[in-house]
Amino acid sequence: MFKKFKIPDATIGRLSLYSRYLKEADEKGINTVSSQHIARATGVTPAQVRKDLAYFGEFGTRGVGYNSRELYNYIMKILGLGRRWPVAIVGAGNLGKALSQYKGFSERGFDITCIFDTDPNKIGKKLAGIEICPLDSLKEKAKAFNIELGIIAVPAAAAQDVADKLIEAGIRGIINFAPVNINTGENVMLRRVDLAAQLEYLTYYLEDTR
């Protein structure tokens, strides 16, 4: 189902970095950039920049560089950001609140459209101007708002049940913030964000420098 699997995950992550730099360059009136400029701004090598872009075609002019705005627009299309994406958050606790207020989502084309929870004390209240709905209404709301992306921001014990409900509602892409592995099947894209694991990555390297 997902034809883009052959592209390395690291490449997709770097494309996102490249697009942010290109947007900044265009806003500063820098019309043309080189792979060296992009590399210096994003912490990779010029060869890596050219290799990443080569997965998707030929860009720029040899000896001249890339048009900042054109390359930005190309990359945004590659990332599927040629349109806006409605997103559902499940979990209206501290993490769900923080995610609903994160302005970076909207800036990149993601609209937090619905927030769900099972706590009767939270249902009906609002986060970032969005009413918290009962989890049982997930399927109905997902259909009404054409939601294809979901964020799991619940305790580990509830994560798999929430994932099952998201999949049943037709959600095709899930980000899981719960500190537990969940199963989604082959037809759903899953990304896990484990903040503790990211800190452990840092401490692994820092420990050698003490």
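The following paragraphs describe the surroundings of three residues, Asp117, Glu148 and Leu195, in a predicted model.

We can begin with Asp117, which belongs to strand 4, a run covering residues 110-117. Its relative accessible area is 11%, so Asp117 is classed as buried, the limit for that class being under 20%. Beyond its neighbours within four places in sequence, Asp117 is in contact with several stretches of the chain: Gly91, Ala92 and Gly93, then Lys122 and Ile123, and finally Ile132, Cys133, Pro134 and Leu135. The side chain of Asp117 also places a polar atom 2.8 Å from the backbone nitrogen of Asp119. Looking further along the chain, Ile175 is 58 residues away from Asp117, and the C-alpha atoms of the two are separated by 16 Å.

Glu148 offers a second buried acidic side chain to look at, this one with a relative accessibility of 15%. Glu148 sits in the loop that runs between helix 7 (138-144) and strand 7 (149-152). Here a polar contact of 2.6 Å links the side chain of Glu148 to that of Arg172. Arg172 is also among the residues that Glu148 touches once those up to four places away in sequence are set aside, together with Ile171, Gly173, Arg83, Trp85 and Pro86.

Leu195 is found in helix 9, which spans residues 195-207. With a relative accessibility of 55%, Leu195 is exposed, because the limit for that class is over 50%. The C-alpha atom of Leu195 is separated by 8.2 Å from that of Phe177, a residue 18 positions apart from Leu195 along the chain.

Technical notes: Residues numbered from 1 in each chain as written. Predicted model: local features only at pLDDT ≥ 70, side-chain atom pairs only at ≥ 80, totals over all residues. Heavy atoms only, no water. Helix = DSSP H or I, 4+ residues; strand = E, 2+ residues; numbered from the N terminus. Buried < 20%, exposed > 50% of the residue type's maximum accessible area, 1.4 Å probe, protein only. Contact = heavy atoms within 4.5 Å. Polar contact = N/O pair within 3.5 Å; in protein donor to acceptor, adjacent residues only side chain to side chain.
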